[in-house]
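Here are some notes on the model you sent, set out as numbered points. They deal with charged side-chain pairs and then with one pocket.

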Amino acid sequence: MRIASLAVALGTWQLLTSLDVNLWLRFSQFPTVTDVAHAFTDRLSGPDYWTDLTDSLTRILTGFLLAAVLGVATGVLVARSRLAEDLLGPVLEVIRPVPAIALVPVAILLFPSNEQGIVFITCAAAFFPVLVSTRHAVRALTPVWEEAVLTMGGGRWRILASVVLPGALPGIFGGLSVGIGVSWICVISAEMISGQYGVGYRTWQDYTVVDYPGVFVGMVTIGVLGWLTSTAVEMLGRRLTHWLPRTSYAPGTRVPRTRAAAPTPVVAQPRTEEEVPHDQLV
């Protein structure tokens, strides 16, 4: 069904563009699926495509890993320490609404090279989703688990390793899944503005020279890379939280059929003293 849905979408695209449909949306300006396929084949045979792919993946993985480490650590610290929340909370809440792409001038002024600036923007984009998810997940933990560890003689580090991090893992991976998608949006935008290589830079170059099939090649590449990386994060999250009960739908799994409930046994109601013979009552 998933392959069929993708085939229907591509077939609709090919039909609308090949017939030059112009109702309200101007599909006559779009390249057809075959044009994009030919451009994609030409790009795969050249060295520039693989260089751009490697550069974008290096930037996204570096920035995302930094954001994951810093976001989880800061989220746990803010959620567990009142002092850290008072010191870091106001600053983080003021910076959080600022779009990461708006930090491009800041990155140009701060870092000596464009490469470091792009990694910084990617890290900033993924940092706040991970931070917020981790903070909420840690604060939502039931205190009974922590009290149990304290009762058995565990210290602060034992609580962190046995209660806080395992208990917050589902929320942490929710933030990581969101963060990797935001990172792709911002790294492509940063490459368009200040990059020299990368999928975003090549897509913008194709647009400036009016190579629309090349633009769609970049768009398809970005979509496939984003889907692969987010799927990898979700699979890792399911692997590390395998101890959780799978009560909701998960892709690739079947919902088990529930058996008919067993009939409820009829329990005899206790009799009153008037209904019980005197010898049995004694």
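**Salt bridges and a pocket**

1. In this predicted model, the side chains of Glu 93 and Arg 96 form a salt bridge, with a nitrogen-to-oxygen distance of 2.9 Å. Glu 93 is partly exposed, at a relative accessible area of 34%, and Arg 96 likewise counts as partly exposed, with 36% relative accessibility.

2. Salt bridges with shared partners also link Arg 43, Asp 206 and Asp 211 into one network. Within the whole structure, the search returns ten salt bridges.

3. Arg 43 and Asp 206, two members of that network, meet through their side chains at 2.7 Å, again taken from N to O. Because Arg 43 belongs to helix 2, which covers residues 33-44, while Asp 206 belongs to helix 9, covering residues 199-208, this salt bridge ties together parts of the chain that lie 163 residues apart in sequence. The two partners fall into separate classes of accessibility: Arg 43 is partly exposed, with a relative accessible area of 22%, whereas Asp 206 is buried, with a value of 7%, and the cut-off for buried is under 20%.

4. A further salt bridge joins the side chains of Arg 59 and Glu 191, with 2.8 Å between N and O. Arg 59 sits in helix 3 (residues 47-80) and Glu 191 in helix 8 (residues 156-194), so the pair connects parts that are 132 residues apart in sequence. How accessible is Arg 59, buried or exposed? Arg 59 counts as buried, at 3% relative accessibility, and Glu 191 is buried as well, with a relative accessible area of 0%.

5. Turning to the pocket, the second largest one holds about 420 Å³ of space. Which helices each supply at least two residues of its lining? They are helix 1 (2-18), helix 2 and helix 10 (212-240), and helix 2 is also the helix in which Arg 43 of the salt bridge with Asp 206 lies.

6. The lining of the second largest pocket includes Trp 13, Phe 40 and Trp 227, together with Leu 6, Leu 10, Val 33, Val 36, Ala 37, Val 220 and Val 224. Arg 2 is also one of the lining residues. Sorted by class, the lining of this pocket has ten nonpolar residues, no polar residues and one charged residue; since Arg counts as charged, the charged residue in the lining is Arg 2.

Notes:
Residues are numbered from 1 along each chain as its sequence is written. This is a predicted model: local features need pLDDT of at least 70, side-chain atom pairs count only at pLDDT 80 or more; totals for chains, interfaces and linings use all residues. Side-chain values use heavy atoms; hydrogens and water are left out. A salt bridge is a side-chain nitrogen of Lys or Arg within 4 Å of a carboxyl oxygen of Asp or Glu. Helices (H or I, at least four residues) and strands (E, at least two) are DSSP runs, numbered from the N terminus. Buried means under 20% relative accessible area, exposed over 50%, partly exposed in between (1.4 Å probe, protein chains only). On a 1 Å grid over the protein atoms alone, a cavity is a set of points where a 1.4 Å probe fits but cannot get out, and a pocket is an open set with protein on both sides within 12 Å along at least five of seven lines; lining residues have an atom within 4 Å of a point. Grid points are joined across faces, edges and corners, and a volume is the space filled by probe spheres set on the points.
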